[in-house]
Amino acid sequence: MNPEPPVTSDASEAVTPESLRKQYESGATVNELVATSGLSYGTVLNRLHDAGTAMRTSWQTRRMRQDPQTRQRLTAHLRTLYEQDGATLTELAATAGETRRAARRLLIEAGGSVRTTQQTLRMRAAARAAERHKLALSLRARYEAGATVPDLAKERSYSIATVYRLLHQARTPMRPQHNHGPARDMRKRP
């Protein structure tokens, strides 16, 4: 025994694929179209397909429904992090609470362009070099004001060799080396 097919009503025939497509493209979900049209889920999908509708994922629907100003601020913030701070797509995804793929889309939406891995590495190396140079200049200023290399190393929790390296990087004129051990009287020799 096969069940008889449901009888189609005139109301379901009145819901055209084009009207469903317009509602869907305005942000309605398939479930909402099912509820408002009285059609089955499969029928709504078939009619959307017949109308040539480009289907979206659930996250795309959520994004579409977000406040446009909030979305614009988020995309601008992500672009700034990416272009000025050298953030990676993984870091953008963590900031936005999205996947890497979604973060990439948001970046492109903001007008940004995706870097290669090598470009990111070069950008980060340049940023580290600039920070290191800034640190070297601050150590030089403290050294020239009278601080000793061991004092600077202790303040920054660096080794003495690292402090010397940074001072040389800043082209610091060095004072004569001192013997940091107990004072010796050179006149009294046995």
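**Exercise 1. Surroundings of Thr120**

Which residues does Thr120 touch, not counting residues up to four places away in sequence? State also where Thr120 sits and whether Thr120 is buried or exposed.

Solution. The model is a predicted one.
- Step 1: Thr120 is placed in helix H9.
- Step 2: leaving out residues up to four places away in sequence, Thr120 touches Gly86, Thr88 and Arg115.
- Step 3: the relative accessibility of Thr120 is 11%. Buried means under 20%, so Thr120 counts as buried.

**Exercise 2. The second largest pocket**

Describe the second largest pocket by its volume, its lining and the elements that supply the lining.

Solution.
- Step 1: the volume of the second largest pocket is about 160 Å³.
- Step 2: its lining consists of Tyr82, Thr88, Leu89, Thr90, Arg100, Val114, Arg115, Thr116, Thr117, Thr120 and Leu121. Thr88 and Arg115, both in this lining, are also touched by Thr120.
- Step 3: two or more lining residues come from each of helix H7 (89-96) and helix H9 (117-144).
- Step 4: H9 gives the largest share, three residues.
- Step 5: by residue class, the lining has four nonpolar, five polar and two charged residues.

**Exercise 3. Glu83 and its partners**

Place Glu83 in the secondary structure, find its salt-bridge partner, and list what Glu83 touches outside its sequence neighbourhood.

Solution.
- Step 1: Glu83 belongs to helix H6, which covers residues 68-83.
- Step 2: the side chain of Glu83 forms a salt bridge with that of Arg79, at 3.0 Å from N to O. Side chains of opposite charge can pair when their charged atoms come close.
- Step 3: both residues of the pair are in H6, four residues apart, or about one turn of the helix.
- Step 4: Glu83 has a relative accessibility of 34% and therefore counts as partly exposed. Arg79, at 29%, is partly exposed as well.
- Step 5: not counting residues up to four places away in sequence, Glu83 touches Gly112, Ser113, Arg115 and Met123.
- Step 6: for Met123, the C-alpha to C-alpha distance to Glu83 is 9.3 Å, with the two positions 40 residues apart in sequence numbering. Arg115, touched by Glu83, is touched by Thr120 too.

**Exercise 4. Two salt bridges that involve H9**

How many salt bridges does the structure hold? Take the pairs Arg140 with Glu144 and Arg142 with Glu155, and work out which elements each pair joins.

Solution.
- Step 1: there are five salt bridges in the structure.
- Step 2: in the pair Arg140 and Glu144, the closest N and O atoms are 2.8 Å apart. Because these two residues are four residues apart in helix H9, about one helical turn separates them.
- Step 3: Arg140 is partly exposed at 24% relative accessibility, and Glu144 is partly exposed at 46%.
- Step 4: the side chains of Arg142 and Glu155 meet in a salt bridge with an N to O distance of 2.2 Å. Arg142 is in helix H9 and Glu155 in helix H10 (residues 149-156), so this pair ties together parts 13 residues apart in sequence.
- Step 5: Arg142 is partly exposed, with a relative accessible area of 37%. Glu155 is partly exposed at 45%.

**Exercise 5. Positive phi outside glycine**

Locate Ser157 and Arg171, give the phi of each, and decide whether each is buried or exposed.

Solution.
- Step 1: Ser157 is in the loop between H10 and helix H11 (160-169). Its phi is near 60 degrees, a positive value in a residue other than glycine.
- Step 2: exposed means over 50% relative accessible area. Ser157 has 67%, so Ser157 is exposed.
- Step 3: Arg171 lies in the segment after H11. Although not a glycine, Arg171 has a positive phi of about 55 degrees.
- Step 4: Arg171 reaches 71% relative accessibility and therefore counts as exposed.

**Exercise 6. The chain as a whole**

Summarise the secondary structure, burial, contacts and surface of the chain.

Solution.
- Step 1: the chain has eleven helices and zero strands.
- Step 2: of its 190 residues, 27% count as buried.
- Step 3: among contacts with a separation of 6 or more, 57% are between residues 24 or more positions apart.
- Step 4: the exposed area of the chain is about 13700 Å², of which carbon and sulfur atoms supply 53%.

Notes: Residues are numbered from 1 along each chain as its sequence is written. This is a predicted model: local features need pLDDT of at least 70, side-chain atom pairs count only at pLDDT 80 or more; totals for chains, interfaces and linings use all residues. Side-chain values use heavy atoms; hydrogens and water are left out. On a 1 Å grid over the protein atoms alone, a cavity is a set of points where a 1.4 Å probe fits but cannot get out, and a pocket is an open set with protein on both sides within 12 Å along at least five of seven lines; lining residues have an atom within 4 Å of a point. Grid points are joined across faces, edges and corners, and a volume is the space filled by probe spheres set on the points. Ala, Val, Leu, Ile, Met, Phe, Trp, Tyr, Cys and Pro count as nonpolar, Asp, Glu, Lys and Arg as charged, and the others, Gly among them, as polar. A salt bridge is a side-chain nitrogen of Lys or Arg within 4 Å of a carboxyl oxygen of Asp or Glu. Buried means under 20% relative accessible area, exposed over 50%, partly exposed in between (1.4 Å probe, protein chains only). Contact means heavy atoms within 4.5 Å. Accessible areas come from the Shrake-Rupley method with a 1.4 Å probe; for residues, only the protein chains shown count as cover.
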